[in-house]
Amino acid sequence: MLKKTAPIQQRLRRIKKTFKSAFFLYENNDVQSSVTIATLAIAQLSKVFEELKSTDSAALSRYLDDKRPVLSGLKKTFDELREKAERDEDTIDEVDYENALDRLGSLVDNATSEVPRILRSPAELKKLRVKWMSAAAAGAMVVGFFLIHAIYRHFTLKGHGLIGEYYSDMEFKNLATTRLDPTIDFDWGLDAPMKTLPEDRFSIRWTGSIEIKNPGNYEFYTLSDDGVKVYLEDIKLIDNWSAHPATLDKGNAFLNPGRYRLKIEYFDQAADAVIKLYWKREKSLYREIIPADVLFPPAPPKH
Ligand SMILES: [Ca+2]
């Protein structure tokens with residue numbers, strides 16, 4: 001069993017974190033994991049409510065009586081969503097799901113601020129802390145397991161794109177913005193890619209990995225204006241580091257199934273700005289933009 005257990009406020013803060021993970025997963029289009037984690041937040045909150053029954057605070061009883069129906073309504077909604085997600089996540093209506101997440105978010109927020117406010121008495125809190133021990137330890141293990149599972153799914157089973165670092169100079173010095181780009185498929189014309197960058201003289205570095213499912217010869221292409229370099233692991237596949245109009249460059253590699261580190265460096269010096277990353281798989285007739293579901297951001301730091 002875990003040695004340390006958390007007092008009630010800390011437990012509530014963790015539930016808030018769990019909820020935020022659910023929201024993050026939703027924002028990154030991993031609805032299935034999002035539903036799982038949101039359901040977990042509900043289970044955790046139910047456990048906290050259950051534990052709190054033992055206090056003899058009348059104000060707290062009123063609060064719990066008031067919120068319990070909201071919680072069980074949400075539980076029902078998310079159980080249904082989870083059934084749908086298990087069948088096929090495309091059947092989940094985005095607006096419905098966002099509403100459900102919203103409602104859960106307000107309940108978690110409310111509990112995080114209200115419960116500690118009601119339980120101001122140090123004696124009550126001390127009593128709760130003792131009572132909470134075993135359930136909290138078990139809960140922490142469950143949260144840990146599900147979060148690791150979701151993060152694993154999020155970063156390994158389903159791609160979402162590469163991390164793009166956008167610099168407001170041509171030498172990767174002044175980092176302006178970092179974001180997740182599902183695909184590298186940009187034609188900014190004469191405009192700046194974003195408000196934090198100038199229209200000319202900027203550079204971008206994308207990092208992450210690409211998943212290869214079938215062995216074979218893979219052709220990689222870039223269409224760029226201006227300079228571009230593409231690295232797979234430490235092999236330079238494409239190198240056209242010069243100012244030029246939109247140009248197609250190509251590199252190829254025989255790849256076995258697995259995950260390969262991928263890095264694209266790009267700069268624009270003046271006028272038009274274009275950068276696109278394609279591949280052509282063996283037996284495929286056309287080159288296509290490398291899709292998001294085989295591109296993965298760099299793995300999260302290990303603890
Ligand atoms: Ca240019």
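Strands here are DSSP runs of E, at least two residues long, numbered from the N terminus. That is how the β labels in the loop close-up below get their numbers.

**Figure 1. A loop close-up centred on Leu190.** In this predicted model, Leu190 sits in the loop that links β3 (185–189) with β4 (202–212). Leu190 counts as exposed because it has 10 C-beta neighbours inside 10 Å, and the cut-off for exposed is 12 or fewer.

**Figure 2. What does Leu190 touch, leaving aside residues up to four places away in sequence?** Its partners are Glu199, Ala271 and Asp272. Val274 also belongs in this view: it lies 84 residues from Leu190 along the chain, yet their C-alpha atoms are separated by 9.6 Å.

**Figure 3. A helix close-up centred on Lys20.** Look for Lys20 in helix α1, which covers residues 8–27. Is Lys20 buried, exposed or partly exposed? With 14 C-beta neighbours inside 10 Å, Lys20 counts as partly exposed, because that label covers whatever falls between the exposed limit of 12 or fewer and the buried limit of 20 or more. Keep Leu101 in the frame too: going C-alpha to C-alpha, Lys20 and Leu101 are 10.0 Å apart in space, with their positions 81 residues apart in sequence.

**Figure 4. Zooming back out to the protein around these close-ups.** The protein has 5 helices and 12 strands. It runs to 303 residues, and 30% of them count as buried. Take the contacts between residues at least 6 apart in sequence: 71% of those join residues at least 24 apart.

Definitions and conventions
Residues numbered from 1 in each chain as written. Predicted model: local features only at pLDDT ≥ 70, side-chain atom pairs only at ≥ 80, totals over all residues. Helix = DSSP H or I, 4+ residues; strand = E, 2+ residues; numbered from the N terminus. Contact = placed C-beta atoms within 7 Å.
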